[in-house]
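Subject: Structure handover and notes

Dear colleague,

Here is the structure I promised to pass on to you, with my notes on it underneath. Please read them with the structure open beside you.

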Amino acid sequence: MAASSIGSSTVGIFPPPGVTEAEARPFIPPALEDIVSQLLSNSIEVLDLPFKSIDDEGAKAIAWALKTNTSLHTLNLNNNKFGEAGAKAIAEALKTNTSLYTLNLFNNKIGDAGAKAIALALATNTSLNTLDLSFNKFGEAGAKAIALAL
């Protein structure tokens, strides 16, 4: 399967404040509709999406569904294209998700702000035991935040 872009280049909160799940459906990138539905219905345990060109909007859609998911234990989003906004959305999901224990974010565009957001989420997340953030864009500040959170 050829890599295709999943998401869009628009910037903003996903879903926008005050928008219900039904109203948010149009904001879900079409290529992720089935995946988000599976996450919302708790019918998937492993989600393997490397090299899918998932951008910030795609990562936000996955993170939004991950907030209430109780079945997923492994999420692989390595080698995609999301950065700060996607990482921050995933961090927010980690604050409430209690089923995920392996998260692979290898080789994306996560900078210091995204790494710091994930570090803050690690303070409250009790289920995650494997996290791969290697080959991202964060520097010493992001690495220090992650190290202190471990």
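Angles under 35 degrees between helix axes count as roughly parallel, and this cut-off is needed for the helix pairs described below. Please keep in mind throughout that this is a predicted model.

Overall layout

The secondary structure of the protein chain comes to six helices and four strands, which follow one another along the sequence in the pattern α-α-β-α-β-α-β-α-β-α. Of its 150 residues, 47% count as buried. Among the contacts between residues at least 6 apart in sequence, 83% join residues that are at least 24 apart.

Helices H3, H4 and H5

Two packed helices are described by the angle between their axes and the distance between those axes. For H4 and H5, the axes come within 8 Å and cross at roughly 0 degrees, and the two helices are therefore roughly parallel to each other. On the H4 side, the residues that meet H5 are Glu84, Ala87, Lys88, Ala91, Leu94 and Lys95, while H5 contributes Asp112, Ala113, Gly114, Ala117, Ile118 and Ala121.

H4 is also paired with H3, the axes of these two helices coming within 8 Å and crossing at roughly 5 degrees, so H3 and H4 are likewise roughly parallel to each other. Here Asp56, Ala59, Lys60, Ala63 and Leu66 of H3 meet Glu84, Ala85, Gly86, Ala89, Ile90 and Ala93 of H4.

The buried residues of H5 are Gly114, Ala115, Ala117, Ile118, Ala119, Ala121 and Leu122, and they pack against H4, strand E4 (130-132) and H6. Leu122 in this group counts as buried because its relative accessibility is 15%, which is under the 20% cut-off. Leaving aside neighbours within four places in sequence, Leu122 is in contact with Leu128, Leu131, Ala149 and Leu150. Leu122 and Lys95 are 27 residues apart in sequence, yet their C-alpha atoms are 7.5 Å apart in space.

Helix H6

Which residues of helix H6 (residues 140-149) are buried? They are Gly142, Ala145 and Ile146, and because they cover an arc of only 95 degrees around the axis, they lie on the same side of H6. The face turned away from that buried side carries the exposed residues Glu140, Lys144 and Leu148. Helix H5 (112-122) is included in what covers the buried residues of H6.

Two salt bridges

Side chains of opposite charge can pair when their charged atoms come close. The structure holds two salt bridges.

One of them joins the side chains of Lys60 and Glu57, with a distance of 3.0 Å from N to O. Because these residues are three apart in helix H3 (residues 56-66), they are separated by about one helical turn. Both ends of this salt bridge are buried, since Lys60 has a relative accessible area of 6% and Glu57 a relative accessibility of 7%.

The other is formed by Lys95 with Glu92, whose closest N and O atoms are 2.9 Å apart. These two residues both lie in helix H4, again three residues apart, about one turn of the helix. In this case Lys95 counts as partly exposed at 37% relative accessibility, and Glu92 counts as partly exposed at 38%.

Asn97

What surrounds Asn97 in the loop between helix H4 (84-96) and strand E3 (102-104)? Not counting residues up to four places away in sequence, Asn97 touches Leu66, Lys67, Asn69, Asn125 and Ser127. Is this residue buried or exposed? At 2% relative accessibility, Asn97 counts as buried. Its side chain has polar partners there: a polar atom of the side chain lies 3.0 Å from the backbone oxygen of Leu66, and a polar atom of the side chain lies 3.2 Å from the backbone oxygen of Asn69. Leu66, one of these partners, is also among the H3 residues that meet H4.

With best regards

Notes. Residues numbered from 1 in each chain as written. Predicted model: local features only at pLDDT ≥ 70, side-chain atom pairs only at ≥ 80, totals over all residues. Heavy atoms only, no water. Buried < 20%, exposed > 50% of the residue type's maximum accessible area, 1.4 Å probe, protein only. Polar contact = N/O pair within 3.5 Å; in protein donor to acceptor, adjacent residues only side chain to side chain. Contact = heavy atoms within 4.5 Å. Arc of directions from axis to C-beta. Salt bridge = Lys/Arg side-chain N within 4 Å of Asp/Glu carboxyl O. Axes fitted to C-alpha atoms, helices over the stretch in contact; angles between N-to-C directions. Parallel < 35°, antiparallel > 145°, perpendicular 65-115°, else oblique.
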